[in-house]
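Me: I'm new to reading protein models, and I'd like to know where the labels come from. Can we go through some together?

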Amino acid sequence: MTKRLSVTLEAEDVRTVEAFADSSSREHESLVAWASSRGIDPDGLTSEAALLRLLIRAGAESLRGGALDVAYAGLAVTLADETSDSRAARARYVERTEAKR
């Protein structure tokens, strides 16, 4: 399914798009490398619409990666707490068992 959207860009957005559109810029080179590494043909960057679609994909992938990083960090804290609780329970068990001897 495709959907055509109209987007109004502010001056900063226009400068950003222009930087990625300029084939001699590092931004463009980076975007082409990103697209190529994902099997997307960078030769398709001939229109502003194609460029915007690619920038949206790259931005969304980056944000999803950031969201995963946050989720993994939260999981690590949870697991660390569980490990800490397990260690404390084991220490109590050892104390009780040794006290019975």
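**Where the labels come from**

Reply: Sure, let's start with E12: it has 48% relative accessibility, so it counts as partly exposed. Keep in mind that this is a predicted model.

Me: Why is E12 called partly exposed rather than buried or exposed?

Reply: Buried means under 20% relative accessible area and exposed means over 50%. E12 is at 48%, so partly exposed is the label. R15 is also at 48% and therefore gets the label partly exposed.

Me: What makes R15 and E12 a salt bridge?

Reply: The rule asks for a side-chain nitrogen of Lys or Arg within 4 Å of a carboxyl oxygen of Asp or Glu. For R15 and E12, the N to O distance is 2.8 Å, so the pair passes.

Me: How do you know how far apart R15 and E12 are along helix 1?

Reply: Count along the chain: they're three residues apart in helix 1, so about one helical turn separates them.

Me: How many salt bridges does the rule give?

Reply: Two. The other one joins E61 and R38, with the closest N and O atoms 2.4 Å apart. That pair links distant parts of the chain, 23 residues apart: E61 sits in helix 3 (residues 48-100), and R38 in the loop between helix 2 (26-37) and helix 3.

Me: Are E61 and R38 buried or partly exposed?

Reply: Partly exposed: E61 has 34% relative accessibility, and R38 has 37%.

Me: How do you know that the length of helix 2 agrees with what it should be?

Reply: Helix 2 has 12 residues, and at 1.5 Å a residue it should span 16 Å. Its end C-alpha atoms are 16 Å apart, so the two values agree.

Me: Which residues of helix 2 are buried, and what puts them on the same side?

Reply: H28, L31, W34 and A35 are the buried ones. They cover an arc of only 125° around the axis, which is why they're placed on the same side of helix 2. On the other side, R26, E29 and S37 are exposed.

Me: What comes after helix 2?

Reply: G39 follows helix 2, and its phi is positive, near 75°.

Me: One last label: what makes V14 fit for a surface patch?

Reply: A patch residue needs over 30% relative accessible area. V14, in helix 1 (residues 11-21), has 32%, so V14 is partly exposed. V14 forms a nonpolar patch with L5, V7, L9 and L52, with about 420 Å² of accessible area together.

Note on methods. Residues numbered from 1 in each chain as written. Predicted model: local features only at pLDDT ≥ 70, side-chain atom pairs only at ≥ 80, totals over all residues. Heavy atoms only, no water. Patch = residues over 30% accessible without salt bridge, like charges linked within 9 Å, V, L, I, M, F, W, Y side chains within 5 Å. Areas by Shrake-Rupley, 256 points an atom, 1.4 Å probe, with all protein chains shown as cover. Helix = DSSP H or I, 4+ residues; strand = E, 2+ residues; numbered from the N terminus. Buried < 20%, exposed > 50% of the residue type's maximum accessible area, 1.4 Å probe, protein only. Expected span 1.5 Å × (residues − 1). Arc of directions from axis to C-beta.
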